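Reader: I would like to learn how to read a model of this kind, one feature at a time. Could you take me through it slowly?

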Amino acid sequence: MAEPQRRVMIIEDDRFLSTVIKARLEKNGFITTQCFDGEEAMTALRTERPDLIVLDLIMPKITGFEVLEMVSKTPELKKIPVVILSHLAQDSDIEKAKSLGATEYFVKVKVSIDDLVARVQSLIG
């Protein structure tokens, strides 16, 4: 019997990067949903329950920090692992994200798409 496909929500305002991540995750058997700002993500999360969220922090409308906070305070969402993928590299930003419930934190310039996909697979795959 085939395993159920795992769902990943990519919340990233950089459309090129989001599409690259989407393609790589789908190539590895994940079903993906893309959201391009925090407001769109919060709307999607009312109806969708991904197995994992890849979240950028610097986004229009609602920031990634705000999305993370809302997810962590919502009982039916707070168990979803959230992997941060951000340009913010300050320890204070990393600490803030972790304190709000982030499972993992990657700085965009320091992580490859391969590493990101491998981490997603190890968390839910």
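Author: Let us begin with K61, which is exposed because its relative accessible area is 60%, where exposed means over 50%, buried under 20% and partly exposed in between, with a 1.4 Å probe and protein chains only. Please keep in mind that this is a predicted model, in which local features need pLDDT of at least 70 and side-chain atom pairs count only at pLDDT 80 or more, while totals for chains, interfaces and linings use all residues. Residues are numbered from 1 along each chain as its sequence is written, and side-chain values use heavy atoms, with hydrogens and water left out.

Reader: Where is K61 found, and what is its phi?

Author: Most residues other than glycine have a negative phi. K61, although not a glycine, has a positive phi of about 70°, and it is found in the loop between strand 3 (52–55) and helix 3 (64–73). Helices here are DSSP runs of H or I with at least four residues, and strands are runs of E with at least two, numbered from the N terminus.

Reader: In what order do the elements of the chain run from the N terminus on?

Author: The order is β-α-β-α-β-α-β-α-β-α, with five helices and five strands in the chain.

Reader: How do helix 1 and helix 5 pack?

Author: For such a pair one fits axes as lines to C-alpha atoms, over the stretch in contact, and takes the angle, from 0 to 180 degrees, between N-to-C directions. Helix 1 (residues 15–27) and helix 5 (residues 113–124) pack at about 55°, with their axes 10 Å apart. That angle makes helix 1 oblique to helix 5, because angles under 35 degrees count as roughly parallel, over 145 as roughly antiparallel, 65 to 115 as roughly perpendicular and the rest as oblique.

Reader: Which residues meet there?

Author: Contact means heavy atoms within 4.5 Å. From helix 1, L17, V20, I21, R24 and L25 meet I113, D114, L116, V117 and V120 of helix 5. These residues divide into eight nonpolar, no polar and two charged, where Ala, Val, Leu, Ile, Met, Phe, Trp, Tyr, Cys and Pro count as nonpolar, Asp, Glu, Lys and Arg as charged, and the others, Gly among them, as polar.

Reader: Is G101 buried, partly exposed or exposed?

Author: G101 counts as partly exposed, because its relative accessibility is 41%, and its place is in the loop between helix 4 (91–99) and strand 5 (104–107).
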